[in-house]
Amino acid sequence: PVHSGGLSTFSSGSGTKRLPQAIIVGVKKGGTRALLEFLRVHPDVRAAGAEPHFFDRFYDNGLEWYRTTRNQSRHSPKEALLRLGHSPRGTRAAVHSTQGLSTSSPPKVSEKCPTQASKGEKKRAPVSERGLFADGTSKKNHLINQNGDLMPKTLEGQITMEKTPSYFVTREAPARIYSMSRSTKLIVVVRDPVTRAISDYTQTLSKKPDIPTFESLTFKNRTTGLIDTSWSAIQIGIYAKHLDNWLQFFPMKQILFVSGERLISDPAGELGRVQDFLGLKRIITDKHFYFNKTKGFPCLKKAEGSSKPHCLGKTKGRTHPNINPEVVKRLRDFYRPFNMKFYQMTGHNFGWD
Ligand code: A3P
């Protein structure tokens with residue numbers, strides 16, 4: 001066990017479960033797990049281990065459920081849906097109906113919700129029993145405390161956090177988070193949308209090896225080069241459009257954008273910015289990281305609650321398939337104007353172009 005000590009002591013000991021004051025709302029495959037794992041090293045940060053998916057899938061359960069519940073992935077997919085009175089479709093994130101984007105065709109490849117009943121998965125064990133969390137992270141990493149609670153108990157002055165990357169593309173999420181607390185701090189880890197799309201596809205491919213190629217999913221019409229913006233792997237990367245949605249409720253200064261690229265090349269630098277944003281003392285510094293050559297990524301010298309080095313699991317830092325360079329170029333051209341808009345909105349050039 002890597003994370004054994006700290007969290008379990010907190011969850012069974014003193015403290016109160018609180019609603020999160022800060023949420024990592026996106027983006028999928030941006031580096032959200034790395035950011036949360038690094039942040040939880042801070043003594044004043046306590047985080048939910050699994051992705052709660054409250055503001056997209058379980059909102060009808062209410063805030064008290066969100067604050068106090070035990071991890072919902074203990075329930076089977078069918079149970080979870082019955083409890084919610086939701087059809088699998090009704091629980092989908094709004095990524096396919098974002099304003100101004102094509103809503104006509106259903107997703108060609110959909111990321112399976114771990115609590116959704118789907119034909120192929122009916123006979124399989126719930127995600128929790130397969131030893132994986134929603135994002136494919138191994139439970140061996142002790143991402144959940146020993147009581148199986150969603151929200152950790154915190155002491156005065158500690159910040160409660162969670163991360164659910166699908167919030168960023170969920171139409172209802174900004175209003176819902178705003179109505180919980182208008183002062184919620186939001187963090188978005190963004191990454192070159194082209195690499196992000198390939199990473200997203202790689203994750204799907206690892207679960208469903210029979211899906212079509214990235215290239216064929218990218219286009220609505222290969223001859224005309226028309227890109228299928230209804231494919232979630234493409235649509236999630238149109239950051240400017242999604243951000244518009246958040247800015248209807250939250251001012252820019254309440255949203256921090258973390259560069260997924262810099263989180264890899266300079267984790268301490270990005271963590272410095274995040275700690276400042278959260279009003280935390282800069283405790284996490286370059287002394288906490290080392291570059292693991294085998295993993296090819298920065299890792300923690302000591303994980304939270306442990307004295308051992310800790311890298312993220314096998315599902316983080318996958319090898320991507322080679323994608324036809326012309327398709328990559330076409331995608332770069334497609335994203336460029338959206339990226340420019342995003343740089344303008346955030347006042348930060350992420351250097352993807
Ligand atoms: P790849 O697997 O495509 O390389 P998320 O946690 O949001 O799903 O993001 C996963 C991505 O986090 C990985 O995508 C990887 O590139 C990135 N990442 C950032 N820092 C990392 C780290 N220290 N270890 C492993 N992956 C990291």
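Okay, one cut-off before anything else: I'll call a residue buried if 20 or more other C-beta atoms lie within 10 Å of its own, and exposed if there are 12 or fewer. Thr32 has 27 C-beta neighbours inside 10 Å, so Thr32 counts as buried. Keep that residue in mind, we'll come back to it. And a caveat up front: what you're looking at is a predicted model.

Quick overview, then. The protein chain has twelve helices and eleven strands. It runs to 353 residues, and 41% of them count as buried. If you take contacts between residues at least 6 apart in sequence, 77% of those join residues at least 24 apart.

Let's start with the sheet. What's the strand order? It goes β3-β5-β2-β6-β9, an open sheet of five strands with parallel pairing. β3, residues 45-47, and β9, residues 255-259, sit at the edges with a single partner strand each, so each has one side without a neighbour in the sheet. As for twist, neighbouring strands are turned by 25 degrees against each other on average, ignoring direction.

Let me zoom in on the β9 end. Its partner there is β6, residues 185-190; the two run parallel and five bridges join them. If you want to find the register on screen, look for Val188 opposite Phe257 in β9, and then Val190 opposite Ser259. Now, β9 is an edge strand, so is it buried or exposed? Four of its five residues are buried, so β9 is largely enclosed by the rest of the structure. An open side in the sheet is one thing, then, and burial by neighbour count is another: β9 has a side without a sheet neighbour, and four of its five residues still count as buried.

Next, the helix to watch, which is α2, residues 32-39. It lies across β2, β3, β5, β6 and β9, and it runs at about 160 degrees to β5. Thr32 from my opening is in this helix. Setting aside neighbours within four places in sequence, Thr32 is in contact with Ile24, Lys163, Pro165 and Val189.

That takes us to the ligand. How many residues surround it? There are 19, and the closest are Thr32, Arg33, Ala34, Ser199 and Phe297. By class, that shell has seven nonpolar, six polar and six charged residues. Which elements supply at least two residues each? Those are α2, α6 (193-207), α10 (260-265) and β11 (297-300). α2 gives the most, with three residues.

How about the database record? The UniProt entry, which is unreviewed, has a "binding site" annotation that includes Lys29, Thr32, Arg33, Arg191, Ser199 and Thr319. Thr32, Arg33 and Ser199 you've just heard among the closest residues to the ligand. Two of the annotated threonines make a nice contrast. Thr32 is buried, with 27 neighbours, whereas Thr319 is exposed, with 7 other C-beta atoms within 10 Å. Thr319 is in the loop between β11 and α12, the helix at 325-346.

Now Lys29, which UniProt also lists as "active site", again from the unreviewed entry. Lys29 is in the loop between β2 and α2. It has 26 C-beta neighbours inside 10 Å, so it counts as buried too. Beyond four places in sequence, its contacts are Arg191, Arg196, Ser199, Asp200 and Gln203. Ser199 and Arg191 both carry the "binding site" annotation as well.

Before anyone sets up a calculation on this, here are a few backbone details in the model. The loop between β2 and α2 also holds Val27, and the peptide bond from Gly26 to Val27 is cis, with omega near -10 degrees. Lys29 has phi near 70 degrees, which is positive in a residue other than glycine. Where else do we get a positive phi in a residue other than glycine? His53 has one, with phi near 55 degrees. His53 is in the loop between β3 and α3 (63-68), and with 25 other C-beta atoms within 10 Å, His53 is buried.

To wrap up, the two places I'd look at on screen are α2, which gives the most residues to the shell around the ligand, and the loop between β2 and α2, where Lys29 is found. That's it from me.

Definitions and conventions: Residues are numbered from 1 along each chain as its sequence is written. This is a predicted model: local features need pLDDT of at least 70, side-chain atom pairs count only at pLDDT 80 or more; totals for chains, interfaces and linings use all residues. Two strands pair if DSSP finds at least two bridges between them. Axes are lines fitted to C-alpha atoms, for helices over the stretch in contact, and angles run from 0 to 180 degrees between N-to-C directions. Two residues are in contact if their C-beta atoms, placed from the backbone, lie within 7 Å. A residue is near a molecule or strand if its C-beta atom, placed from the backbone, lies within 6 Å of it. Ala, Val, Leu, Ile, Met, Phe, Trp, Tyr, Cys and Pro count as nonpolar, Asp, Glu, Lys and Arg as charged, and the others, Gly among them, as polar. UniProt positions are given in the numbering used here, feature names are shortened, and annotations may be inferred rather than shown by experiment.
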